[in-house]
Amino acid sequence: MYFGSDNWAGASPEISAALMQHSTGFAPAYGASDVDAAALTRFRVLFGSQAEVFIVATGTAANSLALAAVNKPGGVTFCHSHAHVIEDECGAPEYFTGGARLCPVEGDLGKIDPQALEAAIARYPAAFVHGGQPMAVTITQASEAGTVYSLDEIRAISAICRRHGLPLHMDGARFANALVTLDCSAAQMTVDCGVDLLSFGGTKNGCWCAEALVVLNPAHAREMPFLRKRAAQLFSKSRFIAAQFDAYLKDGLWLELAANANAMAGQLAAHAVKSDKVRLGWEPQANEVFLIIRKDKAEFLKANGVVFYPWPVPLFAAGKIGPNDSLNRFVTSFATTPEEIRRFADLIG
């Protein structure tokens, strides 16, 4: 029963088949092949003809290059205090930008609170050279807490960005899962809400290794080819990543894969609600479920083959966790089956 991470899951058969199809023969390198062009066309169907797509190796690279594209001297980017960029990327955004900083902003359930964002930006007035310059805001969709920003919430943050002249970046490592939850189009969740740059993840949702930075505002795309090359993120055989995206985005496969992950998370959460051995930390909205479990029961589950991660308690949940309890993250994927959920349900009663 593998609920450690959607990174643990393998690859969708359709995506594996696409890789095999393009594994022989010859094709132009560095993004000039026919399959690269086909993948770009699929992205532009989703995000509009203005979208520029830059294939990279990892989500961390996509996030870091996005911030490098909008960098300023003494730059400050605002993110949630538990965002992946500030807690789990080993300083890569700071490194790629040559020292720009990340400013944490609080908010319930892993989402930036607009009032807290306004207050954080106000700490860096334009004339105060010692503080530095606000340069961007980044939000995570779906969030590190497994919650999803509504369209109205994205628009509210975007409006703050516009008032302060700041670009808005979206970390979409689980973009497809959020999209399934909101039941809207990719453009509605990004372009129409004022998102300027998007880290688009496929690796967590059935791809072998497929990540991209999608630049939705052309003003931020000019230097990106050089930034990507300098960061050692330009693939020579990019067709192998493009082939994955071509298959991933074809006929809605990416949404089908995410829909299974979300549905399995919903089933897991429903069983947790009925159990007296575990309880929900908060309501899940995508494919991550956070359970509060007594420490001895957590060990029992591990001993019986359940794989999951103990999770640091975020500030917004601090009052919910007792001294004998632990907070744990359970992540479902495109490959999670109802049988795994049933076996887990048996263990928690």
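Helices here are DSSP runs of H or I with at least four residues, strands are DSSP runs of E with at least two, and both are numbered from the N terminus. This is a predicted model, where local features need pLDDT of at least 70, side-chain atom pairs count only at pLDDT 80 or more, and totals for chains, interfaces and linings use all residues. Residues are numbered from 1 along each chain as its sequence is written, and side-chain values use heavy atoms, with hydrogens and water left out.

**View 1. A cis peptide bond sits between Gln-141 and Ala-142.** Omega for this bond is about 0°. To find the spot, look for Ala-142 in the loop between β4 (133–140) and α7.

**View 2. Tyr-30 and Cys-90 are two non-glycine residues with positive phi.** For Tyr-30, phi is near 55°, and the residue belongs to the loop between α1 and α2 (34–47). Cys-90 also has a positive phi, of about 55°; look for Cys-90 in the loop between α4 (84–87) and α5 (92–96). Is Cys-90 buried or exposed? Cys-90 is exposed, because its relative accessible area is 83% (buried means under 20% relative accessible area, exposed over 50% and partly exposed in between, with a 1.4 Å probe and protein chains only).

**View 3. Asp-6 and Arg-174 pair up in a salt bridge.** Side chains of opposite charge can pair when their charged atoms come close. A salt bridge here is a side-chain nitrogen of Lys or Arg within 4 Å of a carboxyl oxygen of Asp or Glu. A search of the whole structure turns up 14 of these salt bridges. In the one between Asp-6 and Arg-174, the N to O distance is 2.8 Å. The partners come from distant parts of the chain, 168 residues apart: Asp-6 from the segment before α1, and Arg-174 from the loop between β5 and α8. Both Asp-6 and Arg-174 are buried; Arg-174 counts as such because its relative accessibility is 5%. Arg-174 also has Gly-201 as a neighbour in this view: their C-alpha atoms are separated by 6.3 Å, with their positions 27 residues apart along the chain.

**View 4. Glu-288 and Arg-329 form another salt bridge.** Here the N to O distance is 3.3 Å. Glu-288 is in strand β9 (residues 288–294) and Arg-329 in strand β11 (residues 325–331), so this pair links distant parts of the chain, 41 residues apart. Glu-288 counts as buried because its relative accessibility is 1%, and Arg-329 counts as buried because its value is 7%. Put this view together with View 3 and you get a network of salt bridges that links Asp-6, Arg-174, Glu-288 and Arg-329.

**View 5. Glu-118 and Arg-163 make a salt bridge between two helices.** The N to O distance is 2.5 Å. Glu-118 belongs to helix α6 (residues 114–122) and Arg-163 to helix α7 (residues 151–164), 45 residues apart. How accessible are the two partners? Glu-118 is partly exposed, because its relative accessibility is 25%, while Arg-163 is exposed, because its relative accessible area is 55%.

**View 6. The largest pocket has about 350 Å³ of space.** Rolling a probe the size of a water molecule over the atoms shows where empty space is left. On a 1 Å grid over the protein atoms alone, a pocket is an open set of points where a 1.4 Å probe fits, with protein on both sides within 12 Å along at least five of seven lines, and lining residues have an atom within 4 Å of a point. Its volume is the space filled by probe spheres set on the points, which are joined across faces, edges and corners. Which residues lie nearest the centre? Of the 20 that line the pocket, they are Asn-7, His-84, Ala-173, Arg-174 and Lys-204. Helix α3 (residues 59–69) gives the most to the lining, with 3 residues.

**View 7. Cys-79 and Cys-161 are two cysteines without a disulfide partner.** A disulfide is a pair of cysteine sulfur atoms within 2.5 Å. The whole structure has 0 disulfides. For Cys-79, the nearest cysteine sulfur is that of Cys-103, 7.6 Å away. The sulfur of Cys-161 is 12 Å from the closest one, in Cys-193, which is too far for a bond. Cys-79 is buried, with a relative accessible area of 0%, and Cys-161 is buried with a value of 0%.
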